[in-house]
Amino acid sequence: MSTDPSVNNQLDNSEDNLSVGPVYWPRVKEILDHIMERWIERWGRNPLPGIHAYYWETRDELADSVLSGVRAIEPGVEGKDTQLVRSLARTVLTFGRMPLRGPFVPREEIDEIISWIDAGMPEGPE
Ligand code: HEM
């Protein structure tokens with residue numbers, strides 16, 4: 001058995017959270033806000049205005065978002081196939097993986113976003 005507490009935490013998490021979810025809007029916002037915080041830290045500047053939105057204050061803003069001409073979450077499209085998820089996971093159309101040049105959202109957090117979209121993008125429980 002490892003005595004490294006971070007390893008134990010990972011085990012605890014995986015027991016509590018066999019699949020991902022349920023995931024609600026505040027968690028999705030936290031993931032996106034956090035990755036943009038890290039991006040700004042990494043590059044030492046704010047993202048250029050005029051490319052597309054980088055922050056989504058409400059669930060509806062993200063649900064309706066069109067980024068550089070691309071609908072981020074097309075109704076009826078599975079979470080994993082949405083352009084939002086594709087942009088975070090690999091490349092979107094001919095553009096690079098987002099946020100451009102990284103750091104990128106870890107796979108487990110992308111899975112949380114997928115699970116949120118597939119659950120109908122709930123604001124919160126009920
Ligand atoms: C439908 C999904 C998306 C599309 C089509 C898209 C498209 C683009 C395009 C065209 C650019 C400019 C590329 C260039 O200058 O060469 C860009 C830059 C960028 N995008 Fe996205 N994007 C998407 C999603 C996202 C998401 C979800 C985030 C953040 C969580 C993000 C963060 C950024 C950042 C930080 C930049 C660089 C800005 C800068 O250099 O100042 N993008 N994106």
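**How the labels in this model were reached**

Me: Methionine 36 has its place in helix α2. Why is methionine 36 called partly exposed?

Reply: This is a predicted model, and the label comes from a count of neighbours. Methionine 36 has 15 other C-beta atoms within 10 Å. A residue is buried at 20 or more and exposed at 12 or fewer, so 15 falls in between and methionine 36 is partly exposed.

Me: Which residues does methionine 36 touch, leaving aside those up to four places away in sequence?

Reply: They are Tyr54, Tyr55 and Pro99. For proline 47, what is given is a distance: its C-alpha atom is 8.8 Å from that of methionine 36, and the two residues are 11 apart along the chain.

Me: What makes lysine 29 partly exposed?

Reply: The count for lysine 29 is 17 other C-beta atoms within 10 Å. That is over the limit of 12 for exposed and under the 20 needed for buried, so lysine 29 is partly exposed. Lysine 29 also belongs to helix α2. Its C-alpha atom is separated by 8.3 Å from that of tyrosine 55, a residue 26 positions away along the chain.

Me: Why is glycine 50 called exposed?

Reply: Glycine 50 has 5 other C-beta atoms within 10 Å. The limit for exposed is 12 or fewer, so glycine 50 meets it. Glycine 50 is in the loop between α2 and α3. From its C-alpha to that of serine 68 is 9.1 Å in space, for 18 residues in sequence.

Me: How much of the chain is buried?

Reply: The buried share is 20% of the 126 residues.

Me: How do you know what the order of helices and strands is along the chain?

Reply: Read from the N terminus, the elements run α-α-α-β-β-α-α. In total the chain has 5 helices and 2 strands.

Me: How are α2 and α5 placed against each other?

Reply: Two packed helices are described by an angle and a distance between their axes. For α2 and α5 the angle is about 145 degrees and the axes are 10 Å apart. The crossing is left-handed. Arg27, Val28 and Ile31 make the contact from α2, and Glu109, Glu112, Ile113 and Trp116 make it from α5. By class these residues are 4 nonpolar, no polar and 3 charged.

Me: What is notable about the backbone in the loop between α4 and α5?

Reply: Proline 99 lies in this loop, and a cis peptide bond with omega about -10 degrees joins methionine 98 to proline 99. Proline 103 is in the loop as well; the bond from glycine 102 to proline 103 is cis, with omega about 0 degrees. Arginine 101, also found there, has a positive phi near 70 degrees and is not a glycine.

Me: Why does arginine 101 count as exposed?

Reply: Arginine 101 has 11 C-beta neighbours inside 10 Å. Exposed means 12 or fewer, so arginine 101 qualifies.

Me: What makes methionine 121 partly exposed?

Reply: Methionine 121 has 18 C-beta neighbours inside 10 Å. Since buried begins at 20 and exposed ends at 12, methionine 121 is partly exposed. This residue is in the segment after α5 and has a positive phi of about 55 degrees, although it is not a glycine.

Me: How do you know what kind of residues surround the ligand?

Reply: By class, the shell has 18 nonpolar, 4 polar and no charged residues. Of the 22 residues around the ligand, Pro47, Leu48, Ser87, Met98 and Pro99 come nearest. Helices α2 and α4 each supply at least two residues of the shell.

Me: Where should the model not be read in detail?

Reply: In residues 1-18 the pLDDT stays under 50, and the model has 1 contact there beyond four places in sequence. Where pLDDT is low, the predicted coordinates should not be read in detail. For the chain, the mean pLDDT is 87, with 82% of residues at 70 or more.

Terms used:
Residues are numbered from 1 along each chain as its sequence is written. This is a predicted model: local features need pLDDT of at least 70, side-chain atom pairs count only at pLDDT 80 or more; totals for chains, interfaces and linings use all residues. A residue is near a molecule or strand if its C-beta atom, placed from the backbone, lies within 6 Å of it. Helices (H or I, at least four residues) and strands (E, at least two) are DSSP runs, numbered from the N terminus. Ala, Val, Leu, Ile, Met, Phe, Trp, Tyr, Cys and Pro count as nonpolar, Asp, Glu, Lys and Arg as charged, and the others, Gly among them, as polar. pLDDT is the predictor's confidence in each residue, from 0 to 100. Two residues are in contact if their C-beta atoms, placed from the backbone, lie within 7 Å. Axes are lines fitted to C-alpha atoms, for helices over the stretch in contact, and angles run from 0 to 180 degrees between N-to-C directions. A crossing is left-handed if the near helix is turned anticlockwise from the far one by less than a right angle, and right-handed if clockwise.
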